[in-house]
Amino acid sequence: MQDPAQSIVPPQPYHMPPQPPCVGQMPNQQIPVGVPLANLSQPQEARIVIIKFGRTPTAAMCPDCGFRGLTRVHHEARSDTGIIMCVLCIVFWPAMFIPLCVESCKTTVHHCGNCNRTLGIVKPDCCD
């Protein structure tokens with residue numbers, strides 16, 4: 001009879017065979033998630049445009065609907081305006097309502113003129 005320790009064969013390493021590339025994929029190329037395979041054969045050029053929004057309507061392109069034109073602007077009192085009001089209340093309470101009347105003390109929100117998507121937000125000038 002053989003010794004059981006001598007009859008054990010060490011396991012052989014398992015190597016996976018190489019997979020053939022997918023349709024439209026070059027070897028060693030990773031497929032981006034969420035991109036259809038039809039678009040992989042054409043090189044994509046990414047363009048990033050930075051727009052400096054201000055207090056007035058600005059020419060911009062909406063990334064959702066592709067509308068090119070002036071943004072729709074509205075001014076709203078947010079927490080920054082409330083902080084300014086609290087400081088003015090402590091310093092000189094009759095002046096605490098001035099930030100509600102001055103647009104530069106409010107947050108300016110830019111929306112797409114077509115689909116109403118928010119494109120940019122400008123904080124109050126005094127909070128920079």
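Here are some questions and answers on how the labels for this predicted model are earned.

The model is predicted, so local features need pLDDT of at least 70 and side-chain atom pairs count only at pLDDT 80 or more, while totals for chains, interfaces and linings use all residues. Residues are numbered from 1 along each chain as its sequence is written, and side-chain values use heavy atoms, with hydrogens and water left out.

Q: What makes the pair R117 and D64 a salt bridge?
A: The term asks for a side-chain nitrogen of Lys or Arg within 4 Å of a carboxyl oxygen of Asp or Glu. In this pair the closest N and O atoms are 3.2 Å apart, so the pair meets the definition. The search of the whole structure finds three salt bridges.

Q: Which parts of the chain does the pair of R117 and D64 tie together?
A: R117 sits in the loop between β4 (107-111) and β5 (118-122), and D64 in the loop between β1 (59-61) and β2 (68-70), so the parts that are tied together are 53 residues apart in sequence. Helices (H or I, at least four residues) and strands (E, at least two) are DSSP runs, numbered from the N terminus.

Q: Why is D64 called exposed?
A: Relative accessible area sets the class: under 20% is buried, over 50% is exposed, and in between is partly exposed (1.4 Å probe, protein chains only). D64 has 56% relative accessibility, so D64 counts as exposed. Its partner R117 has 33%, so R117 is partly exposed.

Q: How do you know that R78 and E76 form a salt bridge?
A: Their side chains meet at 2.5 Å, N to O, so they satisfy the cut-off. R78, at 37% relative accessibility, is partly exposed, and E76, at 24%, is partly exposed.

Q: What makes K123 and D80 a salt bridge?
A: The closest N and O atoms are 3.9 Å apart, so this pair counts too. K123 lies in the segment after β5 and D80 in helix α1 (residues 79-91), so the pair ties together parts that are 43 residues apart in sequence. D80 has a relative accessible area of 15%, so D80 is buried.

Q: How do you know that C86 is in no disulfide?
A: A disulfide is a pair of cysteine sulfur atoms within 2.5 Å. For C86 the nearest cysteine sulfur, that of C89, is 7.0 Å away, so the definition is not met. The search of the whole structure finds zero disulfides. C89 is partly exposed, with a relative accessible area of 35%.

Q: How do you know that the span of α1 is close to the expected one?
A: The expected span of a helix is 1.5 Å times one less than its number of residues. α1 has 13 residues and reaches 19 Å from its first C-alpha to its last, close to the 18 Å expected.

Q: Why do the buried residues of α1 line one face of the helix?
A: The buried residues are D80, T81, I84 and M85. Seen down the axis, they fall within an arc of 140°, so they line one face; the arc is that of the directions from the helix axis to the C-beta atoms. In general, an α-helix has 3.6 residues a turn, so residues three or four places apart point the same way. What covers the buried residues of α1 includes β3 (72-76), α2 (98-101) and β4. On the other side of α1, S79, I83 and I90 are exposed.

Conventions
Contact = heavy atoms within 4.5 Å.
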